[in-house]
Amino acid sequence: MSDSRIRDVVVVGGGTAGWMAAAALSATMGDKLRIRLVESEQIGTVGVGEATIPAIRLFNGLCGIDENAFVRETQGTFKLGIDFVNWGRVGESYMHVFGQIGQSLDLIEFWQYWLRGREEGVAEDLGRYSFNEEAARLQRFGRVPRIPNTQLDGIAYAFHFDASLYAKFLRRAAEASGAKRIEGKIASVRRNGENGHVTAVVLENGEAIEGELFIDCSGFRGLLIEQELETGYEDWTHWLPCDRAVAVQTRNVAPPRPYTQSIAHPAGWQWRIPLQHRTGNGHVFSTAHMSEDEATQVLLDNLEGEPITDPRVIPFTTGMRKKAWNANVIALGLSSGFIEPLESTSIHLIQNGIARLISHFPDRNFAPANVETYNRRIAYDYERIRDFIILHYWANQRDEPFWTYLREMELPEVLRRKIDLFKDTGRIFREQEELFVEVGWFQVLIGQNILPDTYHPLADALTKDELAGFLRDIRTIVAANAQKLPSHEEFITRTCAAAPPQGTGVTA
Ligand code: FAD
């Protein structure tokens, strides 16, 4: 058997995507690969991307990262979910939290009983049956894998962190595992004349960095995947019309909340992401419906603390690269596509791309079936997340032109089917390996006033008194155990408090 193993990997770009790729590959395959990462301080990184979902804990575990050290060094806080304000109707709010809600019983999900309980007037708000939501509302947090002496899941959590500090943290992990960093701006790219594969990237100083596999983490510009290979981009602006964000950082005015806030505005929505030393804020909006000046003013009018940076505008086009893997180039991060940060999925998509890259890791023959399968799986991952984000926009009862357009637009087929099934039967089924599970869809649908015509017939197996007792027991256990948790602030102080950042005058 001839040896066609790949030994030389070049990562282009040192933002979150580049350093996540370098850290994961060096932790898992570092003894078999030479991994070099090229980045340019002059160009810098996008510098946003601060909220995550729980899967990031698996990624950090894979890289051997200690969680308390990671939170401390990235000025991180804990995230239990997202508080959606003004999304269904102005003045309303609901939470999409991580983890289970209630407890399934006799083959059907908890929420089928909740739907019946709601009809019979014996159910409280859905969030009252969620340990995560109770803890979030009380601003409490703890690492509790299961509620003791019950069948109920414990706290499911992710993090908020400073994205540039996370990249630095991962850099240390990657370099400790053998990855090498090269500083310099790439000025040109060399290709193989026969098969078109990239053979080297050439820096402004003339140094050529040769490789067999190139991972394009160069951000929105897509240096290799687009500028060089002209792969093409699928534009989803007609479903997700927001095309710009304006971001600003503020001083903290209170202890950091253990959840992200997402506040809908007339032509988009605003994020608030609390870190230990400051809060990240941004307004994602549609330039077809609001000017940049107006959007900036909406953001500035809705800050809680004093700004510590000038507003910064970031344009984007929602969509994905037609192929994430083209020839011997694999795009990760912003170079592979972008879906707005409403459910904090971009960093997850980087992690997902890395996991898929490891399982599809090629040799120098780059088997076309392997490349094609990788691309199909990545496209599926993107499309299902896209549909979940579209759901938030479609399920609105607001009356501004932006929201009316979204409520009346034609939906992607898979999403349309999912909504129809839910409205007619109360059922939700996860499609293959899609990221968001049934309970996540349920929270958004109910939270934005999309109610089904009926519930599962098995939920009728309990008498009305039994149903009321079942719901009451869960509610009581969840409330009592949430009260026992320390405050989020106290938990951080005790386990992972960060030092105030140098030279900014900012205190936590
Ligand atoms: P970048 O950070 O842009 O890095 C690109 C790298 O390539 C840099 O190191 C640059 O120096 C290098 N480079 C480029 N050209 C060259 C060259 N010619 N030579 C050498 N080096 C070069 N994600 C989340 O998960 N949660 C969030 O809350 C979230 N919020 C977001 C909000 C906004 C407004 C935006 C736009 C994105 C958000 N994201 C979020 C996405 C997240 O920011 C990105 O997924 C993440 O930062 C990865 O970026 P990147 O590494 O792909 O690109």
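## The second largest cavity

In this predicted model, the second largest cavity is lined by Ala324, Ala331, Leu332, Gly333, Ser336, Leu349, Ile350, Gly353, Tyr374, Ile378 and Tyr382. Its volume comes out at about 50 Å³.

Two helices turn up repeatedly in that lining: helix 9, spanning 346-359, and helix 10, spanning 368-394, each put in at least two residues. Sorted by class, the lining has 8 nonpolar and 3 polar residues, with no charged ones.

## The largest cavity

How many cavities of 30 Å³ or more does the model have? The count is 2. The largest has a volume of about 70 Å³. It is lined by 14 residues, and those closest to its centre are Gln100, Tyr129, Ser130, Phe131 and Asp153.

As for the chemistry of that wall, the largest cavity has 7 nonpolar, 6 polar and 1 charged residues in its lining. For the second largest cavity, the matching figures are 8 nonpolar, 3 polar and no charged residues.

## Around the ligand

Now for the ligand. It is surrounded by 35 residues, and the closest of them are Gly14, Val48, Ala51, Ile186 and Ile347. Split by class, this shell holds 17 nonpolar, 14 polar and 4 charged residues.

Which backbone atoms sit at polar-contact distance from the ligand? Ala51 is one place to look: a backbone N or O atom there lies 2.8 Å from a nitrogen atom of the ligand. Ala51 is also listed among the closest residues of the shell. On the oxygen side, a polar backbone atom of Ser40 is 3.0 Å from a ligand oxygen, and a polar backbone atom of Glu50 is 3.3 Å from an oxygen atom of the ligand. Taken on its own, the ligand has 1,000 Å² of accessible area, and the protein covers 98% of that.

## Which helices take part

Which elements give two or more residues to the shell around the ligand? They are helix 1, covering 16-29, and helix 9. Helix 9 gives the most, with 3 residues.

Helix 9 is worth a second look in the viewer, since two parts of this report meet there. Besides its 3 residues in the ligand shell, helix 9 supplies at least two residues to the lining of the second largest cavity. Helix 10 also supplies at least two residues to that lining.

Methods: Residues are numbered from 1 along each chain as its sequence is written. This is a predicted model: local features need pLDDT of at least 70, side-chain atom pairs count only at pLDDT 80 or more; totals for chains, interfaces and linings use all residues. Side-chain values use heavy atoms; hydrogens and water are left out. On a 1 Å grid over the protein atoms alone, a cavity is a set of points where a 1.4 Å probe fits but cannot get out, and a pocket is an open set with protein on both sides within 12 Å along at least five of seven lines; lining residues have an atom within 4 Å of a point. Grid points are joined across faces, edges and corners, and a volume is the space filled by probe spheres set on the points. Ala, Val, Leu, Ile, Met, Phe, Trp, Tyr, Cys and Pro count as nonpolar, Asp, Glu, Lys and Arg as charged, and the others, Gly among them, as polar. Helices (H or I, at least four residues) and strands (E, at least two) are DSSP runs, numbered from the N terminus. A residue is near a molecule or strand if one of its heavy atoms lies within 4 Å of it. A polar contact is a pair of N or O atoms within 3.5 Å; within protein, one must be able to donate a hydrogen and the other to accept it, and residues adjacent in sequence count only if both atoms are side-chain atoms. Accessible areas come from the Shrake-Rupley method with a 1.4 Å probe; for residues, only the protein chains shown count as cover.
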